[in-house]
Structure formats: structure tokens, C-alpha cells
Amino acid sequence: MAAHFVCTQCYHVGGRRSHTPGSFGIELILWFFFIVPGMIYSVWRMASKKMVCTQCGCDQLVPINSARGQEIVMMVQSKQSAQKEPNQYPHE
Ligand SMILES: [Zn+2]
């Protein structure tokens, strides 16, 4: 079950994906030839790993049931008032 998140940049609701910076190939080469830089590179990649929006790729995501998330959902819904779609998001 995917958690629902709202992007504060493009207001995309629902998806987020894991984004790990750097390259696995570089990591492998560093480990193969130089153990210490490989270790540092791996740690950096782990530390920099973050969840990003599936639409715009930014990391400014908020949980949909947070105050900010609800605010964005309300705003998007009022914009889409022309097409009344039943919404499944739980309201607290
Ligand atoms: Zn986005």
C-alpha cells in the first residue's frame, strides 16, 4: 500500500518514488579499486537518498493527512470544481 503524499511544487497527489543520487557503476568501480572512497561514496548515496515526486522529481512532499497536505488538496479540489470527482482521501 503506497502512502499518499502531496507535492508542494506541482500539487501532484499520490505518488512518490525513491531517488538515489550518483551511479551504481561509479560505486562499484570505487569499491573495486579504492575501498575507502567506495565506502564514502556508498555512505553519501545512502545519506542522500530521498523520496521525490513522481511528476516533477522535487523532494518537497508532505503527507496528505498533514495540515499542509489537506490545504493543498482543498486548493486543488476547488480548482477542479468543474469536474466533481468523489474523493477517497480520509479526512481527519
Ligand atoms: Zn511534483
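Student: In what order do the elements of the chain run from the N terminus on?

Tutor: Happy to walk through this predicted model with you. The secondary structure comes to 3 helices and 4 strands. Starting at the N terminus, the elements run β-β-α-α-β-β-α.

Student: How do helix α1 and helix α2 pack, roughly parallel or roughly antiparallel?

Tutor: Take helix α1, residues 24-33, and helix α2, residues 35-48: their axes are 6 Å apart and meet at an angle of about 150°. Angles over 145 degrees count as roughly antiparallel. That makes the packing of α1 against α2 roughly antiparallel.

Student: Of the residues in the contact of α1 with α2, how many are nonpolar?

Tutor: On the α1 side you will find I26, E27, L30 and W31, while α2 brings I35, P37, G38, Y41, S42 and R45. Sorted by type, 2 are polar, 2 are charged and the nonpolar ones number 6.

Student: Does α2 lie largely buried or largely in the open, and what is the number buried?

Tutor: Helix α2 has 14 residues and reaches 20 Å from its first C-alpha to its last. A residue is buried if 20 or more other C-beta atoms lie within 10 Å of its own. Helix α2 lies largely in the open, because the number of its residues that are buried is 0.

Student: Which strand gives the most to the largest nonpolar core?

Tutor: That core has 5 residues in all: F5, V6, C7, C53 and L61. One of them, F5, also touches R16, V62, P63 and I64, among others. With 3 residues, the strand giving the most to the core is β1.

How values were computed
Residues are numbered from 1 along each chain as its sequence is written. This is a predicted model: local features need pLDDT of at least 70, side-chain atom pairs count only at pLDDT 80 or more; totals for chains, interfaces and linings use all residues. Axes are lines fitted to C-alpha atoms, for helices over the stretch in contact, and angles run from 0 to 180 degrees between N-to-C directions. Helices (H or I, at least four residues) and strands (E, at least two) are DSSP runs, numbered from the N terminus. Angles under 35 degrees count as roughly parallel, over 145 as roughly antiparallel, 65 to 115 as roughly perpendicular and the rest as oblique. Two residues are in contact if their C-beta atoms, placed from the backbone, lie within 7 Å. Ala, Val, Leu, Ile, Met, Phe, Trp, Tyr, Cys and Pro count as nonpolar, Asp, Glu, Lys and Arg as charged, and the others, Gly among them, as polar. A nonpolar core is a set of buried Ala, Val, Leu, Ile, Met, Phe, Trp, Tyr and Cys residues joined through C-beta atoms within 7 Å. A residue is buried if 20 or more other C-beta atoms lie within 10 Å of its own, exposed if 12 or fewer, and partly exposed in between; C-beta atoms are placed from the backbone. The expected span of a helix is 1.5 Å times one less than its number of residues. Lists of a residue's contacts leave out its neighbours within four places in sequence.
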